[in-house]
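This report describes selected local features of the structure shown below.

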Amino acid sequence: MYANIIVDISHQKLDKVFQYKIPKEIENGISAGVSVKVPFGKGNRLIDGFVLETTDICDYDDNKIKSIAEINEKNIPVEGTLINLAWFIKNTYGGTMNQALKTVIPIKKVTKDVVKKTICLSCKENIQRQYIEEFKRKRAVARLRLLEELIENKCLDYSLVVDKMNISRATITALEKLDIIEINSEKIYRNPIHIESNGEYNIVLNEEQRKVSEDIINSENMVHLIHGVTGSGKTDVYMDIIDKYVNNGKQVIVLIPEIALTYQTVMRFYRKFRDRVSIINSKLSQGERYDQFERAKRGEIDIMIGPRSAIFTPFNNLGLIVIDEEHESSYKSETIPKYHAREVSIYRAKQSGAKVVLGSATPSVESYYECEAGNYKLHTLVNRAVASSMAKVSIVDLREELKNGNKSMFSHTLQELIADRLKKKEQIMLFINRRGYAGFVSCRSCGKAIRCPHCDVGLNLHNNDKLVCHYCGYETAMMKNCPVCGSKYIAAFGTGTQKVEEGIKKMYPMARVLRMDMDTTSKKDGHEKILSAFAEGEADILVGTQMIVKGHDFPNVTLVGVIAADLSLFAADYRANERTFDLLTQAAGRAGRSTKEGEVVIQTYNPEEYSIVMSAKQSYENFYNQEILYRTLNNYPPVINMMAILMTCENEQILNSCSKEIQAAIKEADADICYIGPADCNIKKISDIYRKVIYIKDKELSRLIDIKNILEKYGKDKGISDNVSIQYDLNPLSMY
Ligand code: ADP
Ligand code: ZN
Ligand code: ZN
């Protein structure tokens, strides 16, 4: 047996690997992540290294390979734990050890000093009061918000104010000119958010919250799921548990989807844990991220908050991992290795004897299934923490509307409610599950859709004059005649956000409308600008795709309309119901977050679909029971495990023969494994690359991993055509 060993992980040398023989006596002690001493260089000086993986294939001349000297018996450094985690990721999700290591271990890049700016209050209390009055009178909402926040916190991080509070630079400069605030710059990057907070954390858990917190702390179980309705105060439960761990000298990782990492959320953690908390997000440069990980390793912080990749924080004494909104698809990596942060968390927790707490208002079917199976422990919060009623949800059958002669995209119910809210000066959100002007363009004469020349998809019409491919970005001018039959009856189909916006403007010319979709948010900060404008009351109606549904609180929104709930149902995908239920439930949660009562209207052509019915009733359990029945009958995860093998190649012939070769290799590896394919992917070609897929299914995860490992080895040995690239996706979130 041989071991691949890395002797230097602190620099950009992750791919510099040395091979050593494993002496028989220590063979049992060698596995990924184990720290060893090895002879190195001409003088055979003993240096420390880490085992990356073991193999029976010798890459060099067997006679020239040196042997490992000994195993370092002292406690395992965190690097060892992370290398072992990388091995788990490589083995479970496929790809190379190098790709896994680069995912797990951040790479040091030379970083420049970063100037850090803070905004501090610089005027007396009576002046502050005067300005508060003045800003209120003048309805200068942004100025008022910044001033109030500063009165509470004295100083605020500049970038936090701009990025997370959505306050414009102009507003800040205006306050500076009035001598209300001063802006301080300080060099050397330490903590991405630096707050001298006066605000006190003073929430006392209610009975229900306290019970969940205590149950989790006192439980022997490793993984817990908190199923709590929106507004039930899950975050405060997390913080209570985190507090206990930190006080016992343990460290904590908190995963929150990036889109939900709002100013309010971050501040809640800072108020309670002050500078023991750090945060990473995708806006940090690699160097900044590295700095935060170094601080974690040195023990300068106890709590790391961040999206998916925060799970790799190099804490030495990890005690707890919290995953908020655990059902979110952003926890799964879209690039190789396609790991799921929930599964990786559970492995990490096993490594360090930590607990995992998952939380959601709409748990993933997987996690709920694990609870039913007794593997996770379920806790529920059924009441809202702050008294406010749940929104009233009604379903409108669009087929009936059409029968009654309503050809517009807004049902009578929705029209009446929109008019009512506009009159009351309350806000409205209209949600549609698609982007672009009007979906695909096709010819009414010959029925052909206009397609992208590089991809197997239709082109979308933008701004009435441009055709765009959403997969490869190809653009061309909208044509006057059908390229196939020459007829002039070509037009766009379906509805999109732009069409909803136009419809609203026609019906309610006085309404101020904001639109949020891929087109309006493609510019930097576009997203945040639209949301803050809406929050400041600059519009009455926000029209958008699913990006408006998640993670934002607008207290003045009292009506949410779902224009066509069905669109996500048609995705040819076993998770379509779950996604629909989740989106509709979250959308309903947007209405009536304050004391004003909220209403939700779901328009649909399939009013009897259980995902729609159950989301209107806000009944997760009933949805789950139906859904798990469907998954059981059809043999879909989580009842079984499934692995997608995606094969891509520029040359269709090579791809065809290669996919048959892989099919044969699967049969040879495991004669009775259940497999489907090879078949063309739903989208057969993207950017001139052809795509085929094979699915393998089994109850036993290990059986799928064995096949993957055999195929990976087969690819290396027999050399499947270099032109074909093969990717694995375990329990894929959407079908290929
Ligand atoms: P969830 O994440 O479950 O949707 P949040 O954690 O965002 O809910 O809590 C909703 C609101 O309730 C927050 O403003 C929070 O500060 C408040 N809250 C939570 N727990 C309590 C409590 N015990 N007493 C008073 N307010 C609370
Ligand atoms: Zn035609
Ligand atoms: Zn294309």
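## Zinc site

Donors are N, O and S atoms within 2.8 Å of the metal. In this predicted model, the zinc ion (ligand 3) has as its donors the SG atoms of Cys 452, Cys 455, Cys 469 and Cys 472, at 2.2 to 2.4 Å. Along the chain, these donors follow the spacing C-x2-C-x13-C-x2-C.

The arrangement around the zinc ion (ligand 3) is tetrahedral because the four donor atoms subtend angles of 107 to 112°. For comparison, the ideal angle for four tetrahedral donors is 109.5 degrees. Of the coordinating residues, Cys 452 and Cys 455 are both buried.

## Five-stranded sheet

An open sheet is formed by five strands in the order 2-1-4-3-5, and their pairing is antiparallel. The edges are occupied by strand 2 (18-21) and strand 5 (70-71); each has a single partner strand, so one side of each is left without a neighbour in the sheet.

Within the sheet, six bridges join strand 3 (residues 35-40) to strand 4 (residues 45-55) in the antiparallel sense. Lys 37, for instance, has Asp 48 in strand 4 as its bridge partner. Helix 1 (residues 78-93) packs on this sheet and touches strand 1 (2-6) as well as strand 4. The direction of helix 1 makes about 20° with that of strand 4.

## Asn 84 in helix 1

Helix 1 contains Asn 84. With a relative accessible area of 17%, Asn 84 is classed as buried, because the cut-off for that class is under 20%.

Which residues are in contact with Asn 84, leaving aside its neighbours within four places in sequence? They are Ala 32, Gly 33, Tyr 347 and Gln 351. With Gln 351 there is also a polar contact between the two side chains, at 3.1 Å.

## Ala 565 in a loop

Ala 565 is located in the loop that lies between strand 25 (557-562) and helix 17 (576-590). Is this residue, Ala 565, buried or exposed? Ala 565 has a relative accessible area of 5% and is therefore buried.

Not counting residues up to four places away in sequence, Ala 565 touches Thr 580, Leu 584, Ile 602, Gln 603, Thr 604 and Ile 612. One of these contacts, Thr 580, is 15 residues from Ala 565 along the chain, and the C-alpha atoms of the two are separated by 7.4 Å.

Note on methods: Residues are numbered from 1 along each chain as its sequence is written. Chains are lettered from A and ligands numbered from 1 in the order in which they are written. This is a predicted model: local features need pLDDT of at least 70, side-chain atom pairs count only at pLDDT 80 or more; totals for chains, interfaces and linings use all residues. Side-chain values use heavy atoms; hydrogens and water are left out. Donors are N, O and S atoms within 2.8 Å of the metal (3.2 Å for Na, K and Ca); water is not among the atoms, so sites may look incomplete. Four donors count as tetrahedral if all angles lie between 85 and 135 degrees; four count as square planar and six as octahedral if opposite donors are over 155 degrees apart and all others between 65 and 115; anything else is irregular. Buried means under 20% relative accessible area, exposed over 50%, partly exposed in between (1.4 Å probe, protein chains only). Helices (H or I, at least four residues) and strands (E, at least two) are DSSP runs, numbered from the N terminus. Contact means heavy atoms within 4.5 Å. Two strands pair if DSSP finds at least two bridges between them. Axes are lines fitted to C-alpha atoms, for helices over the stretch in contact, and angles run from 0 to 180 degrees between N-to-C directions. A polar contact is a pair of N or O atoms within 3.5 Å; within protein, one must be able to donate a hydrogen and the other to accept it, and residues adjacent in sequence count only if both atoms are side-chain atoms.
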